[in-house]
Amino acid sequence: MRVAFVGLGVMGYPMAGHLSRAGCEVSVFNRTTSTAERWCEEYSGTQCQTPAEAAARAEHVFACVGNDDDVRAVMLGDKGILAGVRSGSLVVDHTTASADLARELYAAFANKDVGFIDAPVSGGEAGAVNGQLSIMVGGDAGDVTRARDTMNAYAKRITHIGDAGAGQLAKMVNQICIAGLVQGLSEGLHFAKRAGLDVATVIDAIGKGAAQSWQMDNRWETMTNGEFDFGFAVDWMRKDLAIAFDEASRNGAKLQVAELVDAFYAEVQLMGGSRWDTSSLIARLEDGKPTDKRD
Ligand SMILES: NC(=O)c1ccc[n+]([C@@H]2O[C@H](COP(=O)([O-])OP(=O)(O)OC[C@H]3O[C@@H](n4cnc5c(N)ncnc54)[C@H](OP(=O)(O)O)[C@@H]3O)[C@@H](O)[C@H]2O)c1
């Protein structure tokens, strides 16, 4: 299988690596060329100068960039994927972006007889590195089936949610759930400290009960220690929530807690926490600044 991967960031770099290790012939493009050079030193693959060039060499073309504007640039730009991709190929977008853009791209690629699926991921950097991502997919069933074998290189679960855009809508649900949950966990840990309890003992007691969550399992200790220099950045979370709010303004969903938490994240950004993990919500509840291990 000849594949292309556009966007070798925190997520794309290891995902493309899994495809190479799985035996695919991988062509890569990254805007910052030194990253693509480093990738080609670490894995077997070919560096391309434009997304179009990478797409022209592949049957399956993957992208994982930042936001809607970035997706437009690599898909629809002069030297973008649409300009290079061959008829009969399949394009898979792993970026977290809007459902509207996914529908627009689905139609644009269909005009060229190219399949398009929106396939945002959950599981963070660790999920990408360990090949354990959950992937929510929107698009035609046949295209999802076609992409499954290649995406299996880095996925633990691939779920076809519905038509074009449905993958992005499911990712919005994911982010809405996480927003309120992390604030609740922050308040619980904050309260435990103020009450003079030993936090580890409390988590041991409640961590297997109804309050258990992935965030509790994986974040309680770093949150308690004020360590946030890793994980999923606050800037990205606010980008994702903005997409969800935009969608909700059209579908009528009430996102009351998510809106409140988004305002809290804006405060974390003002504290210098734009790149801190989303669990840094607790920082605004605690006295003083959190430990930033980059210092
Ligand atoms: N990090 C996570 O834990 C996580 C988890 C789930 C989902 N996501 C989502 O996955 C996507 C990627 O996240 P990430 O953490 O990998 O981001 P990242 O480390 O910032 O990487 C972004 C990648 O996109 C490229 N890019 C951005 N804008 C571009 C443009 N206009 N033209 C060409 N290339 C462009 C960047 O190239 P340069 O190297 O040149 O900057 C880089 O390769 C985002 O939508 C994010 O919300 C992330």
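The legends below describe close-up views of a predicted model with a bound ligand. In this predicted model, local features need pLDDT of at least 70 and side-chain atom pairs count only at pLDDT 80 or more, while totals for chains, interfaces and linings use all residues. Residues are numbered from 1 along each chain as its sequence is written.

**View 1. The two domains of the protein chain and their contact.** The domain assignment of the chain gives domain 1 (2-163) and domain 2 (169-284); such bounds come from an automatic or database domain assignment. The C-alpha centres of domain 1 and domain 2 are 28 Å apart. Nine residues from domain 1 and 11 residues from domain 2 make the contact, where two residues are in contact if their C-beta atoms, placed from the backbone, lie within 7 Å. The side of domain 1 that touches domain 2 has four nonpolar, five polar and no charged residues. In these classes, Ala, Val, Leu, Ile, Met, Phe, Trp, Tyr, Cys and Pro are nonpolar, Asp, Glu, Lys and Arg are charged, and the others, Gly among them, are polar.

**View 2. The shell around the ligand.** The ligand is surrounded by 25 residues, the closest being Gly9, Met11, Arg31, Thr32 and Asp70; a residue is near a molecule if its C-beta atom, placed from the backbone, lies within 6 Å of it. Two or more residues each come from α4 (68-76), β7 (121-122), α7 (124-130) and α12 (234-251). Helices (H or I, at least four residues) and strands (E, at least two) are DSSP runs, numbered from the N terminus. Helix α4 gives the most, with three residues. By class, the shell has 10 nonpolar, 11 polar and four charged residues. Domain 1 and domain 2 both give residues to the shell, so the ligand lies between them.

**View 3. The buried side of helix α4.** Val71, Val74 and Met75 are the buried residues of α4, a residue being buried if 20 or more other C-beta atoms lie within 10 Å of its own, exposed if 12 or fewer, and partly exposed in between, with C-beta atoms placed from the backbone. They cover an arc of only 95° around the axis, which puts them on the same side of α4; the arc is that of the directions from the helix axis to the C-beta atoms. The buried residues of α4 pack against β1 (2-6), α3 (51-56), β4 (60-63), α5 (81-84), β5 (90-93) and α6 (99-110).

**View 4. Helix α11 and its two faces.** In α11, the buried residues include Met216, Arg219, Trp220 and Met223. These residues cover an arc of only 140° around the axis, so they are on the same side of α11. The buried residues of α11 pack against α9 (166-194) and α10 (199-206). Exposed Asp217 and Asn225 are carried on the face of α11 turned away from its buried side. Just after α11, glycine 226 has a positive phi of about 70°.

**View 5. Alanine 128 in helix α7.** Alanine 128 lies in α7 and is buried, with 24 other C-beta atoms within 10 Å. Apart from its neighbours within four places in sequence, alanine 128 is in contact with Met11, Pro14, Met15, Gly123, Leu133 and Tyr154. The C-alpha atoms of alanine 128 and alanine 16 are separated by 9.5 Å, and the two residues are 112 residues apart along the chain.

**View 6. Aspartate 140 in a loop.** Aspartate 140 is in the loop between β8 (133-138) and α8 (141-151). With 17 C-beta neighbours inside 10 Å, aspartate 140 counts as partly exposed.
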